Amino acid sequence: MLDAYARLDIQGEVDAASHLSGRLEIGAGTVVKNSVFRGPAIIGRDCVVENCFIGPFTAVGDNCRLYRARPENLPPCRVGRRGAHLSGKIKQIN
């Protein structure tokens with residue numbers, strides 16, 4: 001029954017090694033490789049997401065590059081600056 005609420009809006013490219021679950025939006029021109037997504041999450045247009053874990057309540061703006069990033073277990077996480085580049089684990093700073 002809960003799967004009825006899951007929505008995938010994938011306009012980019014996702015490889016077979018990636019795993020998607022929950023409500024997700026992935027923008028046009030975005031390339032996802034070897035990554036795990038747990039929605040709800042939104043990834044903008046023309047991004048590259050490689051070897052990442054994208055946790056729930058994450059939003060990534062357009063033209064961002066994420067490599068080995070793990071924005072998870074945070075309050076809602078937003079990578080909003082256009083063209084941001086992230087690599088490695090992202091931690092909450094109090």
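Arg45 is partly exposed, with a relative accessible area of 45%. In this predicted model, Arg45 forms a salt bridge with Asp62, and the structure holds 1 such bridge. The points below describe this pair, the nonpolar core and a nonpolar patch on the surface.

**Salt bridge**
- The closest N and O atoms of Arg45 and Asp62 lie 3.2 Å apart, which satisfies the criterion for a salt bridge because that criterion requires a side-chain nitrogen of Lys or Arg within 4 Å of a carboxyl oxygen of Asp or Glu.
- The pair connects distant parts of the chain, its two residues being 17 residues apart.
- Arg45 belongs to the loop between S7 and strand S8 (48-50), whereas Asp62 belongs to the loop between strand S10 (58-60) and strand S11 (65-67).
- Asp62 has a relative accessibility of 22% and therefore counts as partly exposed.

**Nonpolar core**
- The largest nonpolar core comprises 14 residues, of which Phe37, Ile43, Val49, Cys52, Ile54, Val60 and Leu66 touch the most other members.
- At least two residues of this core come from each of strand S4 (24-26) and strand S7 (41-43).
- Beyond its neighbours within four places in sequence, Ile43 is in contact with Glu25, Ile26, Gly27, Thr30, Phe37, Val49, Ile54 and Val60.

**Surface patch**
- A nonpolar patch on the surface is formed by Leu8, Ile10 and Val14, which together have about 220 Å² of accessible area.
- Val14 is located in strand S2 (residues 13-14).
- Val14 counts as partly exposed because its relative accessibility is 30%.

Note on methods:
Residues are numbered from 1 along each chain as its sequence is written. This is a predicted model: local features need pLDDT of at least 70, side-chain atom pairs count only at pLDDT 80 or more; totals for chains, interfaces and linings use all residues. Side-chain values use heavy atoms; hydrogens and water are left out. Patches are made of residues with over 30% relative accessible area and no salt bridge: like charges are joined within 9 Å, nonpolar side chains (Val, Leu, Ile, Met, Phe, Trp, Tyr) within 5 Å. Accessible areas come from the Shrake-Rupley method with a 1.4 Å probe; for residues, only the protein chains shown count as cover. Helices (H or I, at least four residues) and strands (E, at least two) are DSSP runs, numbered from the N terminus. Buried means under 20% relative accessible area, exposed over 50%, partly exposed in between (1.4 Å probe, protein chains only). A nonpolar core is a set of buried Ala, Val, Leu, Ile, Met, Phe, Trp, Tyr and Cys residues joined through side-chain atoms within 4.5 Å. Contact means heavy atoms within 4.5 Å.
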